[in-house]
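User: I would like a close look at one helix pair in this model, followed by the salt bridges and the backbone around it. Please keep the answer plain.

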Amino acid sequence: SASILPVLNPDNTVYHYTDISNFFTNEAKVKFKEFAFIEYGILDINQDPFIQGYAPDSFDVILANGVLHNAYNMESTVQHIHSLLAPGGYALIFEPVKDTNQLMITMSFLAGLSNFEDDYRIKKNSPFLHKEKWREVLHDNGFERVEYVGAPSESFEIFGVELMIAQGATIKKRFNPDAITAHLRKKLPEYMIPSLYMPVKVFPLTTTGKLDRNALLQRLGDLNLDRKQKYAAPRNDLEKQVAAIWENLL
């Protein structure tokens, strides 16, 4: 964030800084107080972003800097990331892709490096995916293009890390709730017609493989995400002018 924020255009950027606890976000608020276009929030990559208050298809770019190897299940976490991207959006992923002595000496004591549950990493006994496995996992979970950025530097080689850029689906399917309701009225009595609809790419499952009804109920409870968003004041002269126009019209 410290490297990226100074080069962003504050007039057309909203930068959403997330971490796993308020301890880190509070420190960031102090460090980056000069940047008025930052919003702060808590995000657990192992949980559905929707039930944490993040709307699907709402981010143009997602930066994941050395965090995804902490995922319990990499497939699920990559699906979470893809669900947040707007059509054609990008994920920039900086991750270790092999075990090196230098890397393990500095990281092996960290919590989370042994909680992985997916078969590939269990068999490999490592939290890290190698380069081709990353490409496979990203493609299998909705990303259309995956590229490795630039020639590896000496530090990349020493620590076994890579910077990847993955483009999400350029077209995302949507549905027409009115058309669904009209169709159901031909098949069902009125009291059985749903009052709302929610797209779910993958049904949440319990550890035993059964439908996780509690997870579905959580999603229903958070459907109206707009209510949870705090008011954000205009940040510059252009936004003040736009806000004034809407005030007059309304």
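At what angle do helix α2 and helix α5 pack, and how far apart are their axes?

Analyst: This is a predicted model, in which local features need pLDDT of at least 70 and side-chain atom pairs count only at pLDDT 80 or more, while totals for chains, interfaces and linings use all residues. Residues are numbered from 1 along each chain as its sequence is written, and side-chain values use heavy atoms, with hydrogens and water left out.

The helix pair comes first. Helix α2 covers residues 74-84 and helix α5 covers residues 131-140; they pack at about 55°, and their axes lie 9 Å apart. Helices here are DSSP runs of H or I with at least four residues, strands are runs of E with at least two, and both are numbered from the N terminus. The axes are lines fitted to C-alpha atoms, for helices over the stretch in contact, and the angle between N-to-C directions can run from 0 to 180 degrees. The two helices are therefore oblique to each other (under 35 degrees is roughly parallel, over 145 roughly antiparallel, 65 to 115 roughly perpendicular, and the rest oblique). The crossing of α2 and α5 is right-handed, meaning that the near helix is turned clockwise from the far one by less than a right angle, where anticlockwise would be left-handed.

On the α2 side, the contact (heavy atoms within 4.5 Å) is made by Met74, Glu75 and Val78, and on the α5 side by Trp134, Val137 and Leu138. These contact residues divide into 5 nonpolar, no polar and 1 charged. In that division Ala, Val, Leu, Ile, Met, Phe, Trp, Tyr, Cys and Pro are nonpolar, Asp, Glu, Lys and Arg are charged, and the others, Gly among them, are polar.

Helix α5 also holds a salt bridge, which is a side-chain nitrogen of Lys or Arg within 4 Å of a carboxyl oxygen of Asp or Glu. Side chains of opposite charge can pair when their charged atoms come close. In α5 the partners are Lys133 and Glu136, at 3.1 Å from N to O. Both residues lie in that helix, 3 residues apart, or about one turn. Lys133 is buried at 15% relative accessible area, whereas Glu136 is partly exposed at 39% (buried is under 20%, exposed over 50% and partly exposed in between, with a 1.4 Å probe and protein chains only).

Just before α5 in the chain comes the loop between α4 (119-124) and α5, where Asn125 is placed. Asn125 is not a glycine, yet its phi is positive, at about 55°. With 62% relative accessibility, Asn125 counts as exposed.

The whole structure has 7 salt bridges. One of them joins Lys172 to Asp57, with the closest N and O atoms 2.9 Å apart. Lys172 is in the loop between β6 (161-167) and α7 (177-185) and Asp57 is in the loop between β2 (38-42) and β3 (59-65), so the pair ties together parts 115 residues apart in sequence. Lys172 is buried, its relative accessible area being 18%, while Asp57 is partly exposed at 24%. Asp57 has a positive phi as well, near 60°, and is a residue other than glycine. Another salt bridge is that of Asp118 with Arg121, whose closest N and O atoms are 2.7 Å apart. Asp118 and Arg121 are both buried.

Two further positions help to place the rest of the chain. Gly89 sits in strand β4 (residues 85-96) and is buried at 5% relative accessibility. Outside its neighbours within four places in sequence, Gly89 is in contact with Asp60, Ala166, Gln167 and Gly168. Between the C-alpha atoms of Gly89 and Val30 there are 29 Å, for 59 residues in sequence. Pro194 belongs to the loop between α7 and α8 (213-221) and is partly exposed, with a relative accessible area of 33%. Its C-alpha atom is 9.6 Å from that of Ile180, 14 residues apart along the chain.

Finally, the overall setting. The protein has 9 helices and 6 strands, and its C-alpha trace spans about 65 × 50 × 35 Å along the principal axes. Of its 250 residues, 31% are buried. Among contacts between residues at least 6 apart in sequence, 65% join residues at least 24 apart.
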